[in-house]
Amino acid sequence: MGNVLAKLQTRRLDGITKTNLKMHQFDKLFRAAGESGILILERYVKTDAELEMAIGSRKQKNMNVDNVLCLRLVGTRVKTIPVSIGIFSHLVDLDLSNNYIDELPWSIVYLKQLEIMNLSYNLLTNLPCCIGCMRTLVSINLCYNNITYLPTEILYLTRLEQLDVTGNKTLISPPLTKAEKGVDAVMDFLRMRSQRKDMWGNRNQKPDFEKSLFELCINCILKYKVEFLELSYVPPVIKTHLLECTNKMGKFAVSKCSRCKCYFSTTVNFEMHLCK
């Protein structure tokens, strides 16, 4: 019994020692970054826990990181960027390439001076809408992610000169072929998208007859479980939405595009569609 307790105590002390060693390495790393302006984390950070320890501890200690202008974390197993990334408010260059990042935290809006953001070779599927608040951005590298949709808020990035989406084969809106033509092509597409409105988006307004008839038809078929696939004829637009909503009984939300007059069962589908 005594040997078991001794081993457990040794392991606990080893864990504390390793943690203290890491903290000492991070302290030394941040002091050097305060002098050079460049913070290179991948040498000591390989996991989410280590990244949280490195950045979170600076926040807890109220350490000044204003001198850090360039932050680099490349080629690690990191999946999640902590909210505490926002403490680097004077950051100009952020390189998070070649990781496993699948989402960006909302706190990136605090990077008020960021000009270059490299997110290539990650697992991102989208960009947060708050990216539109990062008005100082000049270059965004999104190469080889799984991006499906670029937010309309990118229009607010008036200083943007480079937007690289090469290798995002899943990109739908704007289409990859258009997005690969450069920033101007992307901005033109987003301007077109921003001009169209969901004619039924304001639920406080009294619905027009067309909407009421459409929803009534859908809701009746779903409520009474009509086998619409066996009917000789069902209007294509109704059939499409019935197929999508077979398992969604109850209230049915429909969007209609003011430009192409097409119907969509979800807001996401409305945002991502290409007008005919």
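This is a short talk on one protein chain, its salt bridges, its aromatic pairs and a patch on its surface.

Okay, hi everyone. Before anything else, please keep in mind that we're looking at a predicted model.

Let's get our bearings. The chain has 276 residues, and 42% of them count as buried. If you scroll through the secondary structure, you'll pass 7 helices and 8 strands. How much surface does the chain expose? About 16000 Å², with 55% of that coming from carbon and sulfur atoms. And here's one about contacts: take those between residues at least 6 apart in sequence, and 43% of them join residues at least 24 apart.

Right, on to salt bridges. Side chains of opposite charge can pair when their charged atoms come close. How many salt bridges turn up in a search of the whole structure? There are 2.

Start with Glu42 and Arg72, whose side chains meet at 2.5 Å, N to O. Where do these two sit? Glu42 is in the loop between strand 1 (38-40) and helix 2 (48-60), while Arg72 belongs to strand 2, residues 70-72. They're 30 residues apart, so this pair links distant parts of the chain. Is Glu42 buried or exposed? It has 12% relative accessibility, and the cut-off for buried is under 20%, so Glu42 counts as buried. Its partner Arg72 is partly exposed, at 33%.

Now find helix 4, residues 183-195, which holds both Asp188 and Arg191. Their side chains form a salt bridge too, at 2.9 Å, N to O. These two are 3 residues apart, about one turn of the helix. Asp188 is partly exposed, with a relative accessible area of 48%, and Arg191 is also partly exposed, at 42%.

Next topic: rings. Searching the whole structure gives 2 aromatic pairs. One is Trp106 with Tyr110, and it's edge-to-face: the centres are 5.9 Å apart and the planes make an angle of 65 degrees. Trp106 has a relative accessible area of 51%, and since exposed means over 50%, Trp106 counts as exposed. Tyr110, at 44%, is partly exposed.

The other pair is Tyr121 and Tyr144, and this one is stacked, with 5.0 Å centre to centre and 20 degrees between the planes. Tyr121 is in the loop between strand 4 (116-118) and strand 5 (139-141), and Tyr144 is in the loop between strand 5 and strand 6 (162-164), so the pair ties together parts that are 23 residues apart in sequence. As for accessibility, Tyr121 is partly exposed at 43%, and Tyr144 is partly exposed at 39%.

Last stop, the surface patch. Which residues make the nonpolar patch? They're Val83, Trp106 and Tyr110, and the patch covers about 330 Å². You've met Trp106 and Tyr110 already, as the edge-to-face pair. Val83 is the newcomer in this talk, and you'll find it in the loop between strand 2 and strand 3 (93-95). With a relative accessible area of 42%, Val83 is partly exposed.

If you want to try this yourselves, colour Glu42 and Arg72 and follow the chain from the loop to strand 2. Then do the same for Asp188 and Arg191 in helix 4. That's me done, thanks!

Methods: Residues numbered from 1 in each chain as written. Predicted model: local features only at pLDDT ≥ 70, side-chain atom pairs only at ≥ 80, totals over all residues. Heavy atoms only, no water. Helix = DSSP H or I, 4+ residues; strand = E, 2+ residues; numbered from the N terminus. Buried < 20%, exposed > 50% of the residue type's maximum accessible area, 1.4 Å probe, protein only. Contact = heavy atoms within 4.5 Å. Areas by Shrake-Rupley, 256 points an atom, 1.4 Å probe, with all protein chains shown as cover. Salt bridge = Lys/Arg side-chain N within 4 Å of Asp/Glu carboxyl O. Patch = residues over 30% accessible without salt bridge, like charges linked within 9 Å, V, L, I, M, F, W, Y side chains within 5 Å. Phe/Tyr/Trp six-rings, centres within 6.5 Å; stacked < 30°, edge-to-face > 60°.
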